[in-house]
Amino acid sequence: MNSNLNTIRDLADREYKWGFVTDIEEERVPKGLNEETIRLISAKKKEPEFMLQWRLKAYHHWASLEKAEAEPKWANIKYGPINYQEITYYSAPKRKPSLQNLEELDPEILRTYEKLGIPLEEQKLFAGVAVDAVFDSVSVATTFKDKLAELGVVFCSFSEAVQKHPELVQKYLGSVVPYTDNFFASLNAAVFTDGSFVYVPKGVRCPLELSTYFRINAAETGQFERTLIVADEGSYVSYLEGCTAPIRDQNQLHAAVVELVALDNAQIKYSTVQNWYPGDKEGKGGIYNFVTKRGKCLGVNSKISWTQVETGSAITWKYPSCILQGDNSVGEFYSVALTNNYQQADTGTKMIHIGKNTRSTVVSKGLSAGHGQNTYRGLVKILKGATGARNYTQCDSLLIGDRCGAHTFPYIEVRNSTARMEHEASTSKIGEDQLFYLRQRGLKPEDAVSMIVNGFCKRVFRELPMEFAVEAQKLLSVSLEGSVG
Amino acid sequence: MRKQETKNVITELETYLESFSEFEKRAAGRNLPWLRSLREDAFARFCQVGFPTTHDEDWRFTNVSAIARTPFRLARNGFARVSQKELGPWRVAGVACQLVFVNGRFSRELSSMGNLPVGMKVNGLGKEIAGNPTEIEPHLGRYVDTQRDAFCALNTAFTEDGAYVHIRKGAVVEGPIYLLFISSAENSPSMSHPRNLIVAEEDSQAIIVEDYVSLDPGPAFCNTVTELVAGDRAVVAHYMIEREHREAFNISTLRIEQGRSASVTSHSVLLGGGLVRNNVHPVLMGEGGECLINGLFVGNGRQHLDNYMLVEHASPRCDSRQFYNGILDGNAHGVFHGRIIVHKDAQKTDAKQTNRNLLLSDEAQIDTKPQLEIYADDVKCTHGATIGQIEEDALFYLRSRGIDEVSARKLLLFAFATECLDRMKQGLVRKHIEGLINHSLFQVANTRAEARANSRKDEGRSWEEMG
Amino acid sequence: MSLLEIKNLYVEVDNHEILKGIDLRVNAGEMHSIMGPNGSGKSTLAQVLARRESYNVTRGEVSYDGKDLLAMKPEEAACEGIFMAFQYPVEIPGISNAYFLRSALNAIRRHRGLDEVDAMDFLPMFREKLKLLDMDEKLMNRSVNEDFSGGEKKRNEILQMAVLEPKLAILDETDSGLDIDALRIVAKGVNSMRSPERAIVVVTHYQRLLNYIVPDFVHVLVNGRIVRSGGPELALELEEKGYGSMEAGARQPAPA
């Protein structure tokens with residue numbers, strides 16, 4: 001028997017280890033979606049009137065799309081119909097989330113985060129990482145708040161931002177992803193319950209990595225968080241996002257929205273390690289991860305960089321994008337997406353060049369194993385006024401086994417003749433040959449597999465903050481279920 | 001529209017019919033039944049399909065109506081007028097031999113056969129057809145697809161002369177075999193159809209250079225086909241240099257047949273010609289073959305330079321690499337069409353394709369089209385294309401260090417062209433080509449500034465109107 | 001005791017019998033050449049010795065350095081000092097040549113109970129070997145075999161051999177596809193590796209390489225059997241007469 005195959009199967013047999021359920025009391029609104037639900041959510045959160053109105057507009061827009069059956073169907077993914085009336089749109093841990101300090105946090109939640117390897121007690125934290133923990137759509141704890149406040153950096157839950165910084169929220173909410181943007185973005189705008197909010201004032205280089213951990217715990221709930229990050233002139237912030245969910249037979253919907261705004265000379269680095277429950281080996285259960293992420297380089301010389309490592313979710317459907325409006329602004333997208341068993345991913349980016357001398361870089365690495373289907377879909381659009389725009393796109397697929405698939409759909413629209421475009425694409429297969437070569441040089445099979453996979457993903461891992469890069473590598477080897485054919 | 005094109009085809013066909021019936025009566029090997037039917041079938045095919053139009057996917061970016069509309073006649077015996085002295089500038093020292101062809105016909109008198117090493121044979125194909133047909137028959141016309149390509153059909157119909165190179169099993173020819181093709185319009189539109197057959201038997205090694213030049217301006221149409229057979233483990237380097245006059249039409253097809261573990265490199269350097277179509281079509285028939293398709297095209301004025309690459313992987317574990325760099329100035333139009341077909345059994349194929357282009361003027365144009373057709377499931381295919389300008393920053397930087405504009409431009413252009421040179425093996429041929437490229441880039445850099453100023457006045461005739 | 005002793009070896013690949021009773025002894029310090037036509041089983045023999053597991057040994061035994069080679073996994077055989085230069089070297093994108101080779105060297109050193117070599121000590125030695133093979137230093141940081149030409153890949157195999165210093169080196173058609181200049185460089189690299197402690201087995205189709213690397217013994221493999229063995233003059237005889245003269249006993253050719 002071929003032990004190369006066995007190695008990959010061994011890796012394969014590791015289970016999703018974040019799949020436990022935390023037993024805490026929750027407060028929920030009844031299932032289903034109507035205007036009442038929206039009013040109830042808004043009231044529970046004691047929101048100002050502008051928020052309620054915005055939500056209602058979003059709801060009516062969404063309802064019209066729903067009625068017209070305008071749920072998007074173009075992505076290269078397959079799933080059964082979603083009954084939006086069977087979802088609970090608000091679920092929160094019962095104890096009050098407005099904490100003064102961590103001692104007040106429900107000890108069960110604290111234990112959950114410890115199990116996940118994310119201790120919320122500040123002394124245990126990695127130096128230099130501030131964490132906001134979102135538990136079933138509600139932010140339960142934000143660490144290092146005081147230290148950040150000294151610099152004027154606002155890092156809090158979205159609910160808190162609505163209360164304490166309504167002018168910032170009103171100014172930027174929906175300015176990058178309007179509530180009319182797409183079906184799921186509309187749904188999110190109507191029902192989102194919480195999320196993270198970041199504001200970095202002029203000239204401040206945020207000294208900590210800001211980090212949010214999202215966890216879906218309750219059954220039959222959707223998670224609709226919304227993140228808004230505003231980097232004022234000359235500022236810099238690096239933001240990390242991690243996600244997990246318990247094992248459940250039912251598919252759960254996660255429809256988040258992330259908006260980033262970078263003003264003149266500002267930089268935002270946004271990193272994601274997405275490890276929502278992917279479903280079991282037969283493809284049962286798992287998260288539908290339908291997310292809209294977009295950044296706007298509003299100011300000159302601004303830069304937004306997306307890095308994502310996507311290993312979880314039954315279905316991933318997301319395109320972290322950059323609108324390069326300011327002259328000389330820079331957009332980057334680095335992605336590793338792994339699909340295994342029956343996972344499906346349709347992911348990529350959109351780079352919209354509007355300003356002069358705008359530059360974008362797209363590096364996408366798709367790994368498919370088992371019956372996984374992995375699609376890269378990317379748009380690079382150079383508008384008429386974007387003189388001197390440049391794009392570099394590299395898009396590689398690695399197949400592990402012969403029942404999986406990789407698909408590439410690059411779209412390039414150029415309206416300015418000075419544009420400089422580079423595109424590279426490849427598809428390859430990890431096979432017995434490669435493993436045998438490495439083993440013949442003395443390497444153990446498991447080291448050989450991890451060497452090949454890490455080599456393949458290197459350009460993306462290099463973009464992650466150190467601790468995340470290590471985590472991503474581990475996650476990848478654990479998630480590598482499947483087999484070589 | 002459609003109607004008019006059909007009409008074009010008919011008008012010019014009459015001229016070709018006339019030429020063909022004349023040709024058939026006097027051509028070498030007219031009494032060989034296999035050759036006769038090869039020619040006749042090809043001519044029938046040509047009559048059937050006519051010249052391609054831009055509706056044909058393979059010719060989408062290249063309009064050959066200027067060829068179709070011109071009443072080209074076969075050039076006859078022109079070499080009598082070419083003197084040794086006129087050949088002077090095209091002599092290359094240090095080669096194993098230099099064969100000279102005038103309008104496609106081999107001239108022994110003008111050729112220098114050198115001291116040919118044991119195990120190799122070079123001659124005019126016509127002489128071999130006449131004197132040694134059994135050696136030619138197994139190969140001639142066995143590789144090019146006259147069904148797919150009208151120009152190959154036309155060439156095959158008029159196949160008579162060209163170069164015949166035969167390297168025996170295990171022989172290593174270290175010096176280049178230099179084939180010089182001179183075209184001369186002789187004041188009336190003339191055409192030639194050189195046909196080359198290169199057979200490198202197993203374990204042999206050779207370097208072949210095809211160099212296309214014009215003696216005088218005027219509408220000359222040179223339609224070449226080269227069949228190159230590389231046996232098992234043979235190592236062959238093939239160079240094609242196009243530096244004809246700006247009124248010349250040059251269509252060339254290099255069809256490579258590779259055996260097991262054979263290694264073939266094809267280098268094309270297009271510097272001249274008005275309308276040039278460069279077809280390179282390797283088929284990797286044997287396991288473990290390797291081929292490198294490397295090219296540089298430099299166009300300005302109204303030049304149209306079309307590169308059509310078709311790499312077929314027909315066996316497992318073959319590697320192919322395509323690298324083409326284009327530099328286009330003035331109103332030049334460049335085309336790179338890179339097609340890779342991986343057949344069902346060609347597992348572990350590793351195919352890579354890169355096309356990089358520099359556009360030096362607003363009117364210059366490039367169409368680049370990758371096309372991958374993969375029928376095997378364990379393959380690695382990569383393609384990449386870039387289109388860019390000379391970086392003004394880099395230019396300014398060099399000038400701020402005291403380098404004048406022309407030199408600075410030339411330096412940057414040369415750096416770009418060097419990528420292509422670096423893929424050629426060090427030695428005589430590379431040095432020769434480096435000199436040609438250098439000269440050509442110097443002209444481009446030199447005329448760039450003036451061209452920009454005069455671009456409005458330069459309402460020259462396009463190649464479509466010529467003839 | 002011979003370094004390598006093959007007795008009556010039968011091997012199947014995809015249910016086809018490729019090797020049909022091979023006997024071969026190779027002593028330390030010797031250079032052997034195995035020649036044969038396509039499909040004769042040359043590469044199969046090389047791969048079996050490097051312990052490719054999809055090749056099924058149905059009969060026979062192989063002892064290497066007094067141990068049962070057929071019981072070893074590929075990495076164990078490598079750690080015990082067997083090196084194969086691949087006919088088709090594999091690309092590992094994203095992993096630099098230097099990192100890869102140091103990982104391999106350290107895996108082998110660990111196995112032998114030696115200290116690992118750190119990057120600082122490794123580089124000077126690596127540079128020296130690069131020079132021996134006329135290879136550009138840039139190759140150190142390039143991904144393993146990625147974007148290498150066929151000739152560079154083959155040279156890279158010999159470079160790895162020079163760094164890993166095996167006891168038994170098997171070169172599987174390292175010469176095919178090389179032009180005459182590259183062939184001379186590879187030959188120089190191989191010759192520099194000859195030593196009384198090391199055995200080298202050169203698998204080749206064509207005798208040209210043997211003009212530069214003169215073997216002590218030549219074996220002719222036809223249809224899964226060694227049909228003749230002799231000195232270097234046997235290669236010249238083959239060059240003259242071809243394999244046809246020795247294929248008398250050969251039946252239909254089997255796939256490689």
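Two residues are in contact here if their C-beta atoms, placed from the backbone, lie within 7 Å. By that criterion, and leaving aside neighbours within four places in sequence, Ile170(C) is in contact with Ala46(C), Leu49(C), Ala50(C), Met84(C), Val201(C) and Val203(C). This is a predicted model, in which local features need pLDDT of at least 70 and side-chain atom pairs count only at pLDDT 80 or more, while totals for chains, interfaces and linings use all residues. Residues are numbered from 1 along each chain as its sequence is written, and chains are lettered from A and ligands numbered from 1 in the order in which they are written.

**Nonpolar core**
- The largest nonpolar core (a set of buried Ala, Val, Leu, Ile, Met, Phe, Trp, Tyr and Cys residues joined through C-beta atoms within 7 Å; buried means that 20 or more other C-beta atoms lie within 10 Å of a residue's own) has 194 residues, and those with the most contacts inside it are Ala262(A) and Ile170(C).
- Helix H10 of chain A, residues 445–461, gives the most to this core, with nine residues; helices (H or I, at least four residues) and strands (E, at least two) are DSSP runs, numbered from the N terminus.

**Chains A and C**
- The contact takes 19 residues from chain A and 22 residues from chain C.
- On the side of chain A that touches chain C, H9(A) gives the most, with seven residues.

**Chains A and B**
- Strand E23 of chain A (residues 420–430) and strand E21 of chain B (residues 379–388) pair in the antiparallel sense over seven bridges, where pairing requires that DSSP finds at least two bridges between the strands.
- His423(A) stands opposite Ala385(B) in E21(B).

Definitions and conventions:
A residue is buried if 20 or more other C-beta atoms lie within 10 Å of its own, exposed if 12 or fewer, and partly exposed in between; C-beta atoms are placed from the backbone.
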